[in-house]
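These are my notebook entries on aromatic rings, charges over rings and one helix crossing. I set them down in the order in which I looked them up.

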Amino acid sequence: MRHPLFLKTARIAAIVVTALWIIACAVNPVTGKREFMLLSEADEIALGAQSDPQILQMYGVYKHPRLEGFVNQVGNDMVAISHRSHLKFEFKLMDSPIINAFAVPGGYVYFTRGIMAYLNSDAEFAGVMGHEIAHVTARHSAKSYSRSQVAQLGLGLGSVLSERFAQFAGLSSTGIQLLFLKHSRDAERESDHLGVVYSTRTGYDAREMSKFFETLVKMQPEDGGGLPDVLSTHPNPADRVQSILESSAEWQSKIPNSTLKVGRNDFLNRLEGMVYGVDPQQGYVENSMFYHPSLKFQFPIPGGWKHNNTPSAVQMQNDAGDAAMIMQLGLGTPAQAANEFLSESQATVETQGAVTVNGLSAYRSIATINSQSGALKVLSYFIQYGTNTYVFHGYCAAAAFGNNVSTFESTMKGFRKLTDQSRINVKPDRIRIKRVTKAAPLRTALRSFGQPDDRLEELALMNGMDLTAIVGENDLIKTIGK
């Protein structure tokens, strides 16, 4: 039986939610129908402007002039014929190996270099671009955000982490929350259809978009414990291929005798030299040790723990998901960074003081932070190295702290200078475009360019082909090199 206070609170929440449904309606610019929406257009623009710096900080921007110019050209051409051509869109190429493209309210559209590596023509890219623009023009992201806000209001959801600590540690922000919003099946279908419309009207063969979904069907989502990939934010690709082909045929019938662009070779040539996979100069893990060649430091990652390296932080989490660590830059001296953290998080300090970590000046603290779900205990190290202060937080429920503190200590006290030149002078993999001199199966062609057998399946996915597919003489294919 529910407590009477809970029932009263639930009734109040239900009344509020019902009232919101009645008053918070707006006309969808695509369908012309009224729908539930907490955000006005001005709110959408403001939310996007607020979220964009957070997303850039989390992903990082990838500089590749040939691709950047192409992305902006295609995006702006589509916006001009879209249902919300008055919005000022911004298109960003993100420095992440994660395979994803996404949009946030207000006209911000992002493509990771990870997804660019798996696209194979101008038309294929244009279809995905049209799909993402459609999420904005049809207000899907704004609608998902509105529903999530109501769900939180109705359920009164708590969190293991206090909001103050999560915000200070960079684990909770509006921009990052938007990345994890999933669209409904109807929204995905509508974006597929509008992607076909927008790409066809700007002169591209929209049938090519279905090839990317076919590639997605063959992929398995990576369990990286961090930012979402395209399979988590755009689910069910298998049942969408046929509808894309049917919608393409319908729209192409409206413009008979036109020559629609595919542009495979042009697109592949733009990819030449693009970093592929993890860029080791931004940090990499090998044998449970995190190395950062550019900043020249290293520290151990606990065995069996997941990790997620972003431009702003390294996040680590145990398998059970009940203990985590984060490493990021702090401001000022170790003591100043510690005082700022303890003050901002309104922590109750158990112990604090100056220490030394492998010859480096540091500050250590153990504190408790109150959260909606109970007390959170945090071990923190603030380590001076060069001109930077590196901050580690290890946190879990207070009752479990004794079981985790030695693991936290081992990682934090393992922070040290990186001097091994073989770890410093590492180079990233890059996409190298090769021209096939003789017709052959893709497997044979890849081997002829020195590609190792253990990467052939990966390269087949990147090229959007099966290994048995015949590659014609003078055809271009992607390979991986330095």
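Entry 1, charges over rings. I looked for charged side chains placed over aromatic rings in this predicted model, and I noted that the charged end of K261 sits over the ring of Y204, at 4.3 Å from its centre. I also noted R270, which lies over the face of F70 at 4.0 Å from the ring centre.

Entry 2, the surroundings of F70. Having met F70 under R270, I checked its accessibility and found a relative accessible area of 6%, so I entered F70 as buried, the cut-off being under 20%.

Entry 3, ring pairs. A pair of aromatic rings is described by the distance of the centres and the angle of the planes. I searched the whole structure for such pairs, and the search returned 22 of them. For F70 and F267 I read 6.0 Å between the ring centres and 65° between the planes, and because over 60 degrees counts as edge-to-face, I recorded the pair as edge-to-face. I then placed the two residues: F70 belongs to helix α3 (residues 65-80) and F267 to helix α13 (residues 264-271), so this pair ties together parts that are 197 residues apart in sequence. F267 has 0% relative accessibility and therefore counts as buried.

I next took up F401 and F408, whose ring centres are 6.3 Å apart with planes at 55°, so I entered this pair as tilted. Buried or exposed, I asked of F401 and F408? Both of them are buried.

Entry 4, a cluster of rings. Which residues do ring pairs link into a cluster? I listed F290, F297, F299, Y385, Y390, F392 and F415.

Entry 5, helix α10. I turned to S210, which I located in helix α10 (residues 209-218), and since its relative accessibility is 3%, S210 counts as buried. Leaving aside residues up to four places away in sequence, I found that S210 touches V241, I244 and L245.

Entry 6, the crossing of α5 and α10. I compared the axis of helix α5 (residues 122-137) with that of α10, and noted that they come within 7 Å and cross at roughly 80°. With 65 to 115 degrees counting as roughly perpendicular, I therefore described α5 as roughly perpendicular to α10. On the side of α5 the contact is made by E124, G127 and V128, and on the side of α10 by M209, K211 and F212. Sorted by class, I entered three nonpolar, one polar and two charged residues for the contact of α5 with α10.

Note on methods. Residues numbered from 1 in each chain as written. Predicted model: local features only at pLDDT ≥ 70, side-chain atom pairs only at ≥ 80, totals over all residues. Heavy atoms only, no water. Phe/Tyr/Trp six-rings, centres within 6.5 Å; stacked < 30°, edge-to-face > 60°. Helix = DSSP H or I, 4+ residues; strand = E, 2+ residues; numbered from the N terminus. Buried < 20%, exposed > 50% of the residue type's maximum accessible area, 1.4 Å probe, protein only. Lys NZ or Arg CZ within 6 Å of the ring centre and 35° of its normal. Contact = heavy atoms within 4.5 Å. Axes fitted to C-alpha atoms, helices over the stretch in contact; angles between N-to-C directions. Parallel < 35°, antiparallel > 145°, perpendicular 65-115°, else oblique. Nonpolar A, V, L, I, M, F, W, Y, C, P; charged D, E, K, R; others polar.
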